Amino acid sequence: MAGIIEFLMLLYLTFFSFVFYSHSVQDNLIAKSQHLLRHLRHIQNLRSIQKFQQRQPNRIVKVSAKHPMHILFPVPIKRGKVTKNPFGITMDLVQPVVDIALENVYRDKLVVEDSLKLHFKDTHLSDAHGPNVAINQLVASKLDCIIGYAFVYALAPVARMSPYWKSGTNNGIPVITTVGLTSNLDNKQEYRLLTRITSPYKVLTKAIRMVFDRMNWHKIAYIFHEQKYGTAKVNIPYGECYLQMASLQVQQYKRYRMDHNYFMFNELKFDRMQMLKILMKASDLGNVSFYGDLI
């Protein structure tokens with residue numbers, strides 16, 4: 001029924017816009033209608049999850065071949081753009097490692113054989129399709145743990161919602177990942193079941209700060225590549241260097257009051273003279289200036 005309503009709404013809005021409005025207004029109305037449909041699908045998914053949770057009584061089930069643990073590996077098949085997949089995670093790289101790990105687990109008798117069911121799903125490096133593969137597994141009653149994601153914008157909503165995905169056999173879905181190193185994911189009140197097996201940026205920030213303190217460095221300048229810099233494309237996410245700098249900059253401002261001590265460049269757009277200007281600015285900011293006997 002919901003699918004029929006969505007189709008009729010889209011048909012009505014499209015027809016209405018083509019009859020009465022100009023091309024620019026038509027495009028705007030179509031975009032709004034598509035946004036409305038995505039919102040309706042999101043509500044429909046939430047209702048499906050709620051119905052699934054309500055019909056599951058609380059019980060303790062021992063993991064076995066009869067009652068296996070379903071583990072979802074949401075990773076892309078294609079590597080895609082480095083802006084969305086900075087660590088180059090793909091299914092053909094992940095699956096052999098997981099297969100070896102599974103053999104070791106069964107060989108060492110850590111769990112009963114055939115008690116772990118693995119599900120590899122392509123996320124298409126999409127922040128829309130990526131979370132949806134987890135929701136589909138949940139509705140199908142085949143989700144107990146999530147290991148993966150390559151695109152942090154697909155990871156974040158899943159990690160935020162997973163504590164509320166409760167059923168009769170679990171109290172939320174744990175999410176384990178190698179990405180999501182930014183400081184906004186440090187909030188354990190919001191991302192309660194998220195585990196990052198790689199050190200987040202705050203750890204690297206702490207290490208860098210200790211080096212600066214040991215060397216007594218107070219004036220620092222950074223130069224790094226950022227593909228989003230200098231482009232009008234709004235759909236390009238910030239790179240890992242920028243996210244690391246965002247974590248580091250806050251700490252340095254508190255300590256040294258260095259408000260702007262970094263310079264971005266886009267290696268796909270900048271030329272030699274532009275790079276020279278950036279280097280001169282960074283050198284002037286990072287070095288000590290002498291005025292007579294004063295520093």
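**Sheet and cavity in a predicted model**

Visitor: In this predicted model, which residue is the bridge partner of valine 75 in E2?

Guide: Strand E1 covers residues 69-75 and pairs in the parallel sense with strand E2, residues 116-122, over seven bridges. Along this pairing, leucine 72 stands opposite histidine 119 in E2, and for valine 75 the bridge partner in E2 is aspartate 122.

Visitor: What is the hand of the β-α-β crossover from E1 to E2?

Guide: Strands E1 and E2 are parallel, and the chain passes from E1 to E2 through helix H3, residues 91-107. Helix H3 lies across both strands and runs at about 175° to E2. The crossover is right-handed.

Visitor: Which strands are the edge strands of the open sheet?

Guide: Five strands make up the open sheet, with parallel pairing and the order E2-E1-E3-E4-E5, and the twist from one strand to the next averages 20°. Helix H5 (residues 152-161) packs on this sheet, where it touches strand E3 (145-147), strand E4 (175-177) and E5. The strands that pair on one side only, and are thus the edges, are E2 and E5 (194-196).

Visitor: Which helix gives the most to the lining of the largest cavity?

Guide: The structure holds one cavity of 30 Å³ or more, and the largest cavity has about 30 Å³ of space. Its lining consists of Thr205, Arg209, Phe212, Leu248, Gln251, Gln252 and Arg255, which by class are two nonpolar, three polar and two charged residues. Helix H6 (201-215) and helix H7 (240-256) each supply at least two of these residues, but the helix that gives the most, with four residues, is H7.

Technical notes. Residues are numbered from 1 along each chain as its sequence is written. This is a predicted model: local features need pLDDT of at least 70, side-chain atom pairs count only at pLDDT 80 or more; totals for chains, interfaces and linings use all residues. Side-chain values use heavy atoms; hydrogens and water are left out. On a 1 Å grid over the protein atoms alone, a cavity is a set of points where a 1.4 Å probe fits but cannot get out, and a pocket is an open set with protein on both sides within 12 Å along at least five of seven lines; lining residues have an atom within 4 Å of a point. Grid points are joined across faces, edges and corners, and a volume is the space filled by probe spheres set on the points. Helices (H or I, at least four residues) and strands (E, at least two) are DSSP runs, numbered from the N terminus. Ala, Val, Leu, Ile, Met, Phe, Trp, Tyr, Cys and Pro count as nonpolar, Asp, Glu, Lys and Arg as charged, and the others, Gly among them, as polar. Two strands pair if DSSP finds at least two bridges between them. A crossover is right-handed if, with the strands pointing away from the viewer, the path from the first strand over the helix to the second runs clockwise. Axes are lines fitted to C-alpha atoms, for helices over the stretch in contact, and angles run from 0 to 180 degrees between N-to-C directions. Contact means heavy atoms within 4.5 Å.
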